[in-house]
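Reader: Please show me the model, and then let us go through some of the terms applied to it and the values behind them.

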Amino acid sequence: MSCCNDRRKIAIRVTRIFDGARRRRRREITLALSDFQPPAPEPPLTYISADFSGAARITSQSVMAIEGSTRSRISVGFEFPVLVRFVAADGTQGWARSSVTDSIDLMLTLPTCPYMIETEVAFASRIGTIDGSSADIIGCTLTIVKILTECDVAVPVCCFSYPDAELTEDIACNALFGD
């Protein structure tokens, strides 16, 4: 379809945040560590940090309508990876992988149209100890749960019509070559 139709609008499909909520909390967690880099760091390992920021993988979700309310109870289980940084006894810096499992229970308004639930997490820890292949840490988590819908947005566009062009190539070339 031409952008210069008589309505002078185009439709764009966008993802809209219909509703959402966030939660901040401090947690004490024991992490199982794997994929050490370097592969065999010299113990003891000194804990530096554990971090993650991004979309969490939803492992379970349930939605229950609340009678007499426009809101619903939403329970979401999720997990996200963390990168644990450390310093080995020989001064070599390294890291290991782990994951954190969590859940959240909220009251949110749901749309009548199809929707998706998305969870984003920001996690940071600077306090902890490493013992063998596990780490006991204290971290702060910011969890954001969003109810997303897809919708079409009509955007006004301006049309510009170019005037008909005249062929001036022969005139310019004749003047240049003295014909």
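Reader: Why is Thr 119 called buried?

Author: In this predicted model, Thr 119 has a relative accessible area of 1%, and buried means under 20%, with exposed over 50% and partly exposed in between (1.4 Å probe, protein chains only), so Thr 119 is buried. Thr 119 lies in strand β7 (residues 116-131), where strands are DSSP runs of E with at least two residues, numbered from the N terminus.

Reader: What makes Leu 83 partly exposed?

Author: The relative accessible area of Leu 83 is 23%, which falls in between the two cut-offs, and therefore Leu 83 is called partly exposed. Leu 83 belongs to strand β5 (residues 71-87).

Reader: Which residues are in contact with Leu 83 and with Thr 119, leaving aside neighbours within four places in sequence?

Author: Contact means heavy atoms within 4.5 Å; by that criterion Leu 83 has Ser 49, Ala 50, Asp 51, Trp 95, Ala 96 and Arg 97, while the contacts of Thr 119 include Val 76, Phe 78 and Ile 144. Leu 83 and Ala 96 are 13 residues apart in sequence, with their C-alpha atoms 6.0 Å apart in space.

Reader: How do you know that β4 and β5 pair?

Author: Two strands pair if DSSP finds at least two bridges between them, and eight bridges join the antiparallel strands β4 (residues 57-65) and β5, so the two strands pair. One of the bridge partners in β5 is Glu 79, opposite Arg 57.

Author: Residues are numbered from 1 along each chain as its sequence is written. Local features need pLDDT of at least 70, side-chain atom pairs count only at pLDDT 80 or more, and totals for chains, interfaces and linings use all residues, while side-chain values use heavy atoms, leaving out hydrogens and water.

Definitions and conventions. Helix = DSSP H or I, 4+ residues; strand = E, 2+ residues; numbered from the N terminus.
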